Amino acid sequence: MKEKYVSTRGGEANVSASEGIIKGIAKDGGLFVPSFIHDIKIDLTALKDATYGELAFEIFKYFLDDFSDEQIKGCIHNAYYTGKFENEEPVSLKKVDDRYFLELYHGPTCAFKDMALTILPYLMTTAMKNADISKDIVILTATSGDTGKAALEGFAKVPHINIVVYYPKDGVSTIQEKQMLTQDGDNTCVIGVAGNFDDTQNGVKEILNNSGLIEELREQGYVFSSANSINIGRLLPQIVYYFYSYMQLYKKAVIDLGEAVNFVVPTGNFGNILAGYYARAIGLPVSRLICASNKNNILTDFFHTGEYNRNRDFYKTMSPSMDILISSNLERLLYDITGGNSEVIANLMNQLSTDGSYALERELLFMGDDHVFYAGCANEEETAGAIKRMFEYNHYLMDPHTAVASKVYSDYRADTGDVETPTVILSTASPYKFGRSVYESIFGEVPEGMDDYAVLKELAARTQTEIPVPLRDLDQKENRHDKVCRPEEMAGCITAFLDK
Ligand SMILES: *Cc1c(COP(=O)(O)O)cnc(C)c1O
């Protein structure tokens with residue numbers, strides 16, 4: 001018999017995939033995890049010639065316990081094979097010098113969040129059918145910049161779903177903000193929060209646990225859900241590209257089936273890298289998962305010492321999607337490495353919210369015998385240097401997030417001497433999404449008075465590369481959203497939006 005999803009903090013069990021996707025977060029504040037994950041074993045041999053979609057199906061059928069095969073196939077087709085992505089297959093693997101870049105940014109918003117957020121609306125509407133939900137859903141999303149637009153794009157105009165996106169008002173790039181503010185669809189609402197991403201994410205978590213507000217909205221016919229990577233429906237689609245890139249390496253005769261590879265992941269909320277950990281759990285041969293952080297290197301310290309301590313300065317960097325001090329999905333990793341001990345997790349998370357820190361025995365982090373995780377970081381100067389050198393030596397453009405990962409991989413090679421294991425860097429955004437930073441890293445200061453849109457054109461001209469279609473002519477578009485609020489006013493914005 002298939003076990004189902006459980007909360008990391010022990011307060012909910014036996015939750016179906018549909019229920020988990022609709023709820024987003026468990027009642028006790030914990031995250032849903034697949035209790036059956038270690039029973040899954042993906043047969044690599046059978047997938048040798050699979051397309052991205054076929055791979056996705058083989059993986060999803062284990063996780064989406066109450067979805068029919070037809071439903072799963074429908075979701076995959078609608079997300080990845082109806083022209084939302086630039087190429088025939090949604091992702092591409094490119095070899096540059098001594099490393100492979102898995103480009104996950106060829107979707108509608110030019111960031112890897114599209115991989116999950118193009119399919120989440122289909123998973124969610126199917127889940128509503130399966131769980132017989134007759135209420136309308138209100139999706140709440142906190143964004144450090146990329147999730148917001150990807151979620152808006154995915155959910156705009158979807159019947160019976162409303163989406164409210166909160167972003168830190170001064171914590172995202174001009175292009176990211178413009179992408180969100182120009183979003184159309186009457187069911188969309190975009191709000192700037194006067195605070196940083198952690199304030200914004202905490203605000204959303206609080207709303208999702210605010211029983212008074214939940215009840216009030218229930219009476220009006222609404223239920224809340226989340227499009228953040230705390231939603232299990234965000235996580236599952238991310239497992240697929242780890243397998244896909246592995247199979248591409250096999251097809252290129254870089255590896256034999258069964259041979260282990262490394263993945264380097266530019267990490268913020270720990271969702272992407274956790275998907276890699278889950279991929280490994282269900283049979284993908286992974287040697288090391290290399291966790292790359294920017295100057296906000298709380299995870300680097302955590303993996304080195306076992307202490308997670310958010311009582312530290314918060315830095316705004318050129319890789320804003322990684323400017324995070326509370327990596328929510330770490331909770332799922334902790335659950336797994338403690339053997340599913342929800343009591344321990346509830347305690348640790350309680351310490352995190354009261355003291356801002358907790359400590360774990362270092363051996364638990366698999367840093368001993370098993371050595372799964374390696375962690376490193378890059379400051380601003382190192383990130384800029386990585387962008388510049390990669391362009392000058394290889395004529396390849398990396399966005400700042402990807403550059404953090406690339407720099408950490410170079411450190412890893414020097415530090416461990418492991419130069420043999422084929423290594424895939426997860427490239428999470430188009431360099432044009434962060435055009436100003438990329439331009440400045442390579443060519444130095446942008447000429448006075450040149451706005452961010454002109455910078456994109458200049459970057460394209462000077463590097464002989466093309467601006468991706470979704471980012472062209474963005475400046476011509478009109479803003480459709482302009483609300484700003486303080487963190488404590490976040491809940492009120494929802495009722496105002498729904499009442500309008
Ligand atoms: C969200 C994001 C990340 C961080 O991914 P997590 O799953 O939050 O760790 C890295 N790079 C880019 C461009 C992103 O948008």
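Student: How far is an oxygen atom of the ligand from an N or O atom in the side chain of Ser-321?

Tutor: The structure is a predicted model, and the distance is computed from its atoms. A polar contact requires a pair of N or O atoms within 3.5 Å. The ligand oxygen and the side-chain atom of Ser-321 meet that limit, at 3.4 Å.

Student: How much of the accessible area of the ligand does the protein cover?

Tutor: On its own, the ligand has 380 Å² of accessible area. There are 15 residues surrounding the ligand, and Lys-113, Asp-146, Gly-268, Asn-269 and Thr-428 are the closest. The share of the ligand's area covered by the protein is 98%.

Student: Which distance separates an oxygen atom of the ligand from a backbone N or O atom of Asn-272?

Tutor: The backbone also takes part in contacts with the ligand: a polar backbone atom of Phe-270 is 3.1 Å from a ligand oxygen. For the backbone atom of Asn-272, the distance to an oxygen of the ligand is 2.9 Å.

Student: Which residues form one aromatic cluster with Phe-270?

Tutor: The structure holds 20 aromatic pairs. Phe-270 belongs to one aromatic cluster, and its other members are Tyr-277, Phe-302, Phe-303, Tyr-308, Tyr-358 and Phe-373.

Student: Are the rings of Tyr-277 and Phe-373 stacked or edge-to-face?

Tutor: A pair of aromatic rings is described by the distance of the centres and the angle of the planes. For Tyr-277 and Phe-373, the centres are 5.7 Å apart and the planes differ by 20°. Planes under 30 degrees apart count as stacked, so the pair of Tyr-277 and Phe-373 is stacked.

Student: How many residues apart are Tyr-277 and Phe-373 along the chain?

Tutor: Tyr-277 lies in helix 11 (residues 271-281), whereas Phe-373 lies in strand 13 (residues 373-377). Both residues, Tyr-277 and Phe-373, are buried. Their pair links distant parts of the chain, and the separation is 96 residues.

Student: In which helix do Tyr-409 and Tyr-412 lie?

Tutor: Tyr-409 and Tyr-412 form a stacked pair, with 6.1 Å from centre to centre and 20° between the planes. Both Tyr-409 and Tyr-412 are buried. They are three residues apart, about one turn of the helix, and that element is helix 16 (residues 400-416).

Student: Is Thr-300 buried or exposed?

Tutor: Thr-300 is part of helix 12 (residues 298-305). Its C-alpha atom is 5.1 Å from that of Ala-375, although the two residues are 75 places apart along the chain. A residue counts as buried under 20% relative accessible area; because the value for Thr-300 is 3%, Thr-300 is buried.

Student: Which backbone oxygen lies 2.8 Å from a polar atom of the side chain of Thr-182?

Tutor: Thr-182 is placed in the loop between helix 7 (174-181) and strand 7 (188-193), and its relative accessibility of 9% makes it buried. The side chain of Thr-182 reaches the backbone oxygen of Gln-179 at 3.2 Å. The backbone oxygen at 2.8 Å belongs to Lys-178.

Student: How many of the 20 residues of helix 10 are buried?

Tutor: Helix 10 (residues 232-251) reaches 30 Å from its first C-alpha to its last, close to the expected 28 Å. At the start of helix 10, a side-chain oxygen of Asn-231 comes to within 2.8 Å of the backbone nitrogen of Gly-233. Helix 10 is mostly covered, and its number of buried residues is 18.

How values were computed: Residues numbered from 1 in each chain as written. Predicted model: local features only at pLDDT ≥ 70, side-chain atom pairs only at ≥ 80, totals over all residues. Heavy atoms only, no water. Phe/Tyr/Trp six-rings, centres within 6.5 Å; stacked < 30°, edge-to-face > 60°. Helix = DSSP H or I, 4+ residues; strand = E, 2+ residues; numbered from the N terminus. Buried < 20%, exposed > 50% of the residue type's maximum accessible area, 1.4 Å probe, protein only. Expected span 1.5 Å × (residues − 1). Polar contact = N/O pair within 3.5 Å; in protein donor to acceptor, adjacent residues only side chain to side chain. Near = heavy atom within 4 Å. Areas by Shrake-Rupley, 256 points an atom, 1.4 Å probe, with all protein chains shown as cover.
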